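Here's a quick tour of a two-chain model, written for someone who would rather see cut-offs than adjectives. Have a look at the sequence and coordinates, then read on.

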Protein chains: 2
Amino acid sequence: MNNQQKEYPGLGLVETQYVELCKDGLKLDSGVTIGPVNVAYETYGTLSEQKDNAIMVCHALSGGAHAAGWHHGDRKPGWWDIMVGPGKAYDTDRYYVICPNLLGGCYGTTGPSSIDPKTGKPYGIRFPVVTVHDMVNLQIRLLDHLGIDQVLAVAGGSIGGMVVLQWAVSYPNRVRSVIAIATTHRHSPQQIAFNEVSRQSIMADPAWKNGDYYDGEGPKLGLAVARMIGHITYLSEPGMERKFGRRLRNRERYGYNFSKEFEVETYLEHQGQSFVERFDANSLLYITKALDYFDLSNGFDSLTEAFRGCPTVFLLIAFSSDWLYPPHQMKGVAKAIRRSGGDATYYEISSDYGHDAFLLEYKTQTPLIQSFLERTYRTHSIMDEKYNA
Amino acid sequence: MNNQQKEYPGLGLVETQYVELCKDGLKLDSGVTIGPVNVAYETYGTLSEQKDNAIMVCHALSGGAHAAGWHHGDRKPGWWDIMVGPGKAYDTDRYYVICPNLLGGCYGTTGPSSIDPKTGKPYGIRFPVVTVHDMVNLQIRLLDHLGIDQVLAVAGGSIGGMVVLQWAVSYPNRVRSVIAIATTHRHSPQQIAFNEVSRQSIMADPAWKNGDYYDGEGPKLGLAVARMIGHITYLSEPGMERKFGRRLRNRERYGYNFSKEFEVETYLEHQGQSFVERFDANSLLYITKALDYFDLSNGFDSLTEAFRGCPTVFLLIAFSSDWLYPPHQMKGVAKAIRRSGGDATYYEISSDYGHDAFLLEYKTQTPLIQSFLERTYRTHSIMDEKYNA
């Protein structure tokens, strides 16, 4: 093991790539056309000669193209490094993994903080509202650019899970299998409500300035509160009990004042503070809005009809203590797929990590994902052989 | 029925009374002494000659002394009118009901918006931090003022439920029975977290001005966001599904913008807006902090020890879909009381109203409360007869 491998285990140093797509324009669900559109993405592993081993992984709210490996000077690896790399769930020794930043994001793909070519200034909230379907359309353009007809799998948790479900419905011929984790086919009013409060928190901050804050500090206080709300929903009640209890941070006795005394308060403060340093408030507005609009059954008589005739194979994973995307939602998706005649495997993993489990429960998820991918990949090869025979 | 009875059914017109107490000072748990302390309260029904039919009801976060009946021009009656009045759960034909505004509140009892006699200006956050125990101490002073040695019952939901549990532990000889609804003996880290985010939302609003906003508008935007967070936690997921679903407010199609489109968004906006017109942001800071400090087992080896020797009879009610104060917490209190040798009756009412159920589920609660009070009251009378014989 050389020094670099010691310092940057797993995939080692990786780099984000950038490409300009949609020079002919990308027509959005809202009717607006934008273009050209920049996409930031990373790839890990090697694309096979047959181009049949590509897996696209899709990030959640705060993620980006940097799914795995290390950037120079990183103190932490990419957001799904626990799952993506040599020998891991998404095994980069076998598969070619692609992770693009989603449309509307703030990590290199065009979004509200990008420069509007028409004005030379950041879009702000003049950026058109985007949908999960729009996000997938842009990913298809990236796939075209990479010269890949069909991916072996698309995989993602939370928002990423909605994106990959949309793939199956909109582009069933471009994807052989879908791995959707801790997600839903549409937001319940409670999920919409949490998003709306997060948006209101940002827009209530005078520093938001109707979205035109890029020459200043931006709505850091409002964004921090939004992130704190988010983090409560990412954890479970028993998980918080185990992690924090009622432990006090710096005192054995209460201070009888409004400083942060309970460990859980300090945790939330830290999460809020670190988020505002790295995330764009307008991107949070756009991405949460896309989620609230998301309804896979839109345009169909039912969710079952949305999946009708879809040849894609599904692996669906939920976590017992996830109350933001509770297991009953994921189970409902599995039922709809099966009713449509499709192939869905559903697992509920027992965990007290809450929604965060999709980022943490690698030991339980890895064998499920490895065998699912193996099955899909082998079936593919056998079919190829049949066709070639 | 005369016109006034038609216009103001139930208890008819009622009035809030005000009294100045604690001229000798009220020593708080923080060590600070305040005084005199003003208390706003209402009473309904008639105190018996034996003074043995008094019930004190305790409000939740946004309530006040006006529990039932109507103030002149009211469009809605008091916050618990559904439960307090002639023939209702707390039957004012039989019992004398007292409802004081809690210490730290903003409806007439001394709190952060009151004038500090030392400066002639509102306290703001110079008001000392208060605890649930302090709130009970002040209620005892009110009871002394009213010349009542012992109340038949103290009753309350949510925060009010914590207050009444504290009565039993701190003043077991002043209360014959406790009715605690949708509450807990101490906040879990999740409950602390929701409160902390609400506080942060207020303090992040520049209009909060470190608590000195009484000459201006105040932190209306931050307070509205705090209230919106609260309202999500007051409802249940299935209750929201039934009440709002994904229904759109004004359009059949999405508007692809950031206006409020889903009914649940408009509901939250309305709740936030109406709250800022009637509630003081600093009071929210103080009351939520009191809740986070609240731990009935403080100073005892266990919760069971806290109840040891307490002669008070308990009625504990939880609601199946209440995830803010989930039934397992209330059940834990019942178990501790029984382990201590005490008398606790626990009911879990099936309801999809979530935490709000304590304000809404009157049909299911009324018979439980009526028979519990009847039992306590009759036992009292029989004992009196025995003593007199």
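What follows covers the symmetry, the interface, the helix packing and the sheets.

First, some housekeeping: this is a predicted model, where local features need pLDDT of at least 70 and side-chain atom pairs count only at pLDDT 80 or more, while totals for chains, interfaces and linings use all residues. Residues are numbered from 1 along each chain as its sequence is written, and chains are lettered from A and ligands numbered from 1 in the order in which they are written.

**Symmetry**

Two copies of a chain are related by a rotation about an axis and a shift along it. Here, a turn of 180° with a shift of 0.0 Å along the axis lays chain B on chain A, at an RMSD of 0.0 Å. That's the relation of a two-fold axis. The superposition is a least-squares fit on the C-alpha atoms of residues with pLDDT of at least 70 in both copies. Within chain B, the residue that comes closest to the rotation axis is Asp205(B), its C-alpha sitting at 3.4 Å.

**Interface**

On each side, 43 residues take part: 43 of chain B are in contact with 43 of chain A, contact meaning that C-beta atoms, placed from the backbone, lie within 7 Å. Helices and strands here are DSSP runs numbered from the N terminus (H or I over at least four residues for helices, E over at least two for strands). On the chain B side, the elements giving two or more residues are α4, α5 (220-234), α6 (237-243), α7 (263-276) and α8. α4(B) gives the most, with ten residues. By class, that side has 24 nonpolar, eight polar and eleven charged residues. For the bookkeeping, Ala, Val, Leu, Ile, Met, Phe, Trp, Tyr, Cys and Pro count as nonpolar, Asp, Glu, Lys and Arg as charged, and the others, Gly among them, as polar. The copies meet through the same surface, because 100% of the interface residues of chain B are also interface residues in chain A.

**Helix packing**

Here are two helix pairs, one across the interface and one inside chain B. Axes are lines fitted to C-alpha atoms over the stretch in contact, with angles from 0 to 180 degrees between N-to-C directions.

| Pair | Axes come within | Crossing angle |
|---|---|---|
| α4(A) and α5(B) | 10 Å | roughly 170° |
| α4(B) and α8(B) | 10 Å | roughly 160° |

That makes α4(A) roughly antiparallel to α5(B), a label for angles over 145 degrees. On α4(A) the contact includes Phe194(A) and Val197(A), and on α5(B) it includes Met228(B) and Ile229(B). This contact divides into seven nonpolar, three polar and no charged residues.

α4(B) and α8(B) are roughly antiparallel too. Among the residues in their contact are Ile192(B) and Arg199(B) of α4(B), plus Leu284(B) and Asp292(B) of α8(B). The split there is six nonpolar, three polar and two charged.

**Sheets**

Chain A has an open, mixed sheet of eight strands in the order β1-β4-β8-β5-β11-β12-β13-β14. β1 (17-21) and β14 (343-349) of chain A stand at the edges with a single partner strand each, so one side of each lacks a neighbour in the sheet. The twist averages 20° from one strand to the next. Strands pair if DSSP finds at least two bridges between them; β12 (177-181) and β13 (313-319) of chain A run parallel and share five. One of the partnerships there is Ser177(A) with Val313(A).

In chain B, five bridges join β1(B) and β4(B) (37-44) in the antiparallel sense, with Asn38(B) as the bridge partner of Glu20(B).

Key
Contact = placed C-beta atoms within 7 Å. Parallel < 35°, antiparallel > 145°, perpendicular 65-115°, else oblique.
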